[in-house]
Amino acid sequence: METGDLRVIDSFGTVLLVRLDAVSAASDDPETQELQAQLTAQINQSLAQDVFDVFAQDTLLRGQYIDQRALQAVHVNFP
């Protein structure tokens, strides 16, 4: 968008009218850095959860298989 442009955003059952008045440089104060760190942590947690969900879904679709020989080899090492 250019300064002064208007946009209509129709999403999630809501209509928003947006006008760009100005573009300002981002500040680099401690509050902004803390917010950036929080957003980074949230994104990383969300991505980790998504990867786990894909793995879990794939496991359910492929079925579970337990290699009995490997299981017995592990049990032999326990006293």
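Helix α1 contains both R62 and D58, which stand 4 residues apart, about one turn of the helix. In this predicted model, that spacing offers a starting point for reading the structure. An α-helix has 3.6 residues a turn, so residues three or four places apart point the same way. R62 and D58 form a salt bridge, and their closest N and O atoms are 2.9 Å apart. Side chains of opposite charge can pair when their charged atoms come close. The two partners differ in accessibility: R62 is exposed, with a relative accessible area of 68%, whereas D58 is partly exposed at 31%.

The helix that carries this pair may be considered next. Helix α1 covers residues 30-62, a run of 33 residues. At 1.5 Å a residue, the helix should span 48 Å, and its end C-alpha atoms are indeed 48 Å apart, so expectation and model agree. After α1 comes G63, which has a positive phi, near 90°.

How many salt bridges does the structure hold? There are 2. Besides the pair in α1, R19 forms a salt bridge with D21, with the closest N and O atoms 2.7 Å apart. R19 is exposed, and its relative accessible area is 53%.

The surface also has a nonpolar feature. M1, I9, L16 and V18 together make a nonpolar surface patch of about 310 Å². One of these residues, I9, belongs to strand β1, which comprises residues 6-11. I9 has a relative accessible area of 38% and is therefore partly exposed, since that term applies between 20% and 50%.

Methods:
Residues numbered from 1 in each chain as written. Predicted model: local features only at pLDDT ≥ 70, side-chain atom pairs only at ≥ 80, totals over all residues. Heavy atoms only, no water. Patch = residues over 30% accessible without salt bridge, like charges linked within 9 Å, V, L, I, M, F, W, Y side chains within 5 Å. Areas by Shrake-Rupley, 256 points an atom, 1.4 Å probe, with all protein chains shown as cover. Salt bridge = Lys/Arg side-chain N within 4 Å of Asp/Glu carboxyl O. Helix = DSSP H or I, 4+ residues; strand = E, 2+ residues; numbered from the N terminus. Buried < 20%, exposed > 50% of the residue type's maximum accessible area, 1.4 Å probe, protein only. Expected span 1.5 Å × (residues − 1).
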